[in-house]
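Hi,

Here is the structure I promised to pass on. Have a look at it first, and then read on for what turned up.

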Amino acid sequence: MSLIKSVATVGGFTMISRVLGFLRDILMASVLGAGPVADAFFVAFRIPNMFRRLVAEGAFSAAFIPLFARKLEADGKEAALTFAGHALSILVGFLLIFSALFMIFMPVMMLLLAPGFTPEGLRFDLAVEYTRITFPYLIAMAVVALLGGILNAFYKFAAMAAAPILLNIILIACLLIGINRSESHVGMLLAVGVAIAGLAQVVFLVIACQRAEIGVKLRRPVFNADIKRLFRLMVPGAIGAGVMQINILVGTIIASFLATGSISYLYYADRVYQLPLGVIGIAVGTALLPMLSRQLRKGEETAAMNSMNRAMELSLLLTLPAAAALMVIPEEITSVLFQHGEFTAVASQATASALLAFATGLPAFVLVKILAPGFFAREDTTTPVIVGIFAMIMNVVLSLILIRYLDHVGIALATSLSSWFNVLLLFIILRRRGHYTADARLLRRLVGMIVASVIMSVGLYFARENLAGAFTGDLPVRVGALIALVVGGGVLYAVSGILTGTARLQEIKSMLKRRPEA
């Protein structure tokens, strides 16, 4: 299975989803702005999403996919699907109880998760109400994570990558319905839309499994050796796989103490840098984990090492210029995307400052997605959790220090710095264990990537200065100017990359021609 084709499949659908997500956020910024309703909804949306990424997509996927791959290689398809059925019934049962308790005690939990919201205040009351509606999304995403993990183990990546498109389509529809209605009414529509989107994604994945002739049935819960092993791996994986989400949650908690709008500024900045992160980092990580798992099950250590190096090379080739561009033109990006309707120029500038700080950590966010599978594929979720604890402590300490000088921007910068710390520790540990060594090709091309990114950044800086007048004009003019910057920067990076040997045309043609079964 070609890594490039797997990444292209996941990345392509993720790109569609993120573009729709941008349209959703542009509408949201225009309709809700950065006021108390927006802050409340973003908390309500982030809390179940955080648990989804920690429990369902994070800890569960990190533990389940390697075990499923081993079962598939050793005992065959039927035994692997039986294991999946037992895992599904236990996971759903646990999350039903967890969600019910969380929804009942939501006011108490909100005091812990958004302590800056004044009890009985508007933001607090709306956040409690909205989160109770959105929380069942967690259960739906647990089912989606399991079904998607099974499909990925069979190298069928399209359905899982396409599922989030449904969420964005449904939320866009809710926003269109809510135009000219009160902000609180729109917030309620969005919360209901999140719950509906979760159910829609479950149905979509069930149909995809049926078409792939992969039948997964709920079975009577059995705590056999495989299930016990799964849960032993899940406990530390809850932090190891989701350290970035925990960092974001910490940022939300701290931001709740800052001025109204701070949570919204961080949310919109997060959405912008999530585009390259999703298209590159998540796509590569999603394709890499099942590939590494099956290579290691077969004893192909050299092949696994090569897979990690090529994943690293591909990720950095696309991530470094994306990070550089976000740092050079953040104001232009946020003004075009969000400065409409209720979203003012002041809010746009505040979002741009947070985006610049997040951009400094974009390569680190992506590298974590590449390095973590090196542990998960070996069924080691303990080491990442230890690293994650240190990274979280660093994030909290830096956030508390930096907000005194940089307000909400300090939270974004602390998240980036702690992610680089996370990458450094993961890399050192993998290297010392002999599980990963950067090869000469990666190091040689990394130098070229850095040079090409610097050349692109200089070009973007001067182009931005020449187009400054255009970004004070009407929206169509600003859109055209931003497109010119993005396209021009991309072309300049591509040419510089070819000249420095970072990317070779013949290799790109070879990758595109490679057959799926290669």
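A residue counts as buried when its relative accessible area is under 20% and as exposed when that area is over 50%, with partly exposed in between. By that cut-off Arg 271, at 15% relative accessibility, is buried. Please keep in mind that this is a predicted model. The chain has an average pLDDT of 84, and 91% of the residues score at least 70. The stretch to treat with care is residues 511-518, where the pLDDT is below 50; in the model this stretch still has twelve contacts beyond near neighbours in sequence.

Back to Arg 271, which is part of helix α12 (residues 262-297). What does its side chain make a polar contact with? The partner is the side chain of Asp 25, at 2.7 Å. Setting aside neighbours within four places in sequence, Arg 271 also has Arg 18, Gly 21, Phe 22 and Arg 24 among its contacts.

Ser 335 is another buried polar residue to look at, with 9% relative accessibility. You will find Ser 335 in helix α14 (residues 330-338), where its side chain reaches the backbone oxygen of Glu 332 at 3.1 Å. Farther along the sequence, not counting residues up to four places away, Ser 335 touches His 340, Ser 348, Phe 471 and Arg 478.

Now to some whole helices. Helix α6 covers residues 137-153. From first C-alpha to last, α6 reaches 24 Å, close to the 24 Å expected for its 17 residues at 1.5 Å a residue. How much of α6 is buried? The count is 17 of the 17 residues, so the rest of the structure largely encloses this helix. Just after α6, Tyr 155 has a positive phi of about 60°.

Helix α16 gives a similar kind of account: 14 of its 15 residues are buried, so α16 too is largely enclosed by the rest of the structure. Its end C-alpha atoms lie 22 Å apart, which agrees with the 21 Å that 15 residues should span at 1.5 Å a residue.

Helix α19 (residues 440-466) has 27 residues and should span 39 Å at 1.5 Å a residue; the 40 Å between its end C-alpha atoms agrees with that. The buried residues in α19 include Leu 442, Arg 445, Gly 448, Met 449, Ala 452, Ser 453 and Met 456. Why might a helix show such a pattern of spacing? An α-helix has 3.6 residues a turn, so residues three or four places apart point the same way.

Both α16 and α19 come up again at the second largest pocket, which holds about 270 Å³ of space. Of the 14 residues that line this pocket, Met 312, Leu 316, Leu 367, Phe 427 and Leu 446 are the closest to its centre. Two or more lining residues come from each of α13 (301-328), α16, α18 (408-432) and α19.

Finally, two loop residues with a positive phi. Glu 213, which is not a glycine, has a phi of about 60° and lies in the loop between α9 (183-211) and α10 (225-240). Glu 213 is exposed, with a relative accessible area of 64%. Asp 407, also not a glycine, has a positive phi of about 55°. Asp 407 belongs to the loop between α17 (382-406) and α18 and is partly exposed, at 46% relative accessible area.

Best wishes

Terms used. Residues are numbered from 1 along each chain as its sequence is written. This is a predicted model: local features need pLDDT of at least 70, side-chain atom pairs count only at pLDDT 80 or more; totals for chains, interfaces and linings use all residues. Side-chain values use heavy atoms; hydrogens and water are left out. pLDDT is the predictor's confidence in each residue, from 0 to 100. Contact means heavy atoms within 4.5 Å. Helices (H or I, at least four residues) and strands (E, at least two) are DSSP runs, numbered from the N terminus. The expected span of a helix is 1.5 Å times one less than its number of residues. Buried means under 20% relative accessible area, exposed over 50%, partly exposed in between (1.4 Å probe, protein chains only). A polar contact is a pair of N or O atoms within 3.5 Å; within protein, one must be able to donate a hydrogen and the other to accept it, and residues adjacent in sequence count only if both atoms are side-chain atoms. On a 1 Å grid over the protein atoms alone, a cavity is a set of points where a 1.4 Å probe fits but cannot get out, and a pocket is an open set with protein on both sides within 12 Å along at least five of seven lines; lining residues have an atom within 4 Å of a point. Grid points are joined across faces, edges and corners, and a volume is the space filled by probe spheres set on the points.
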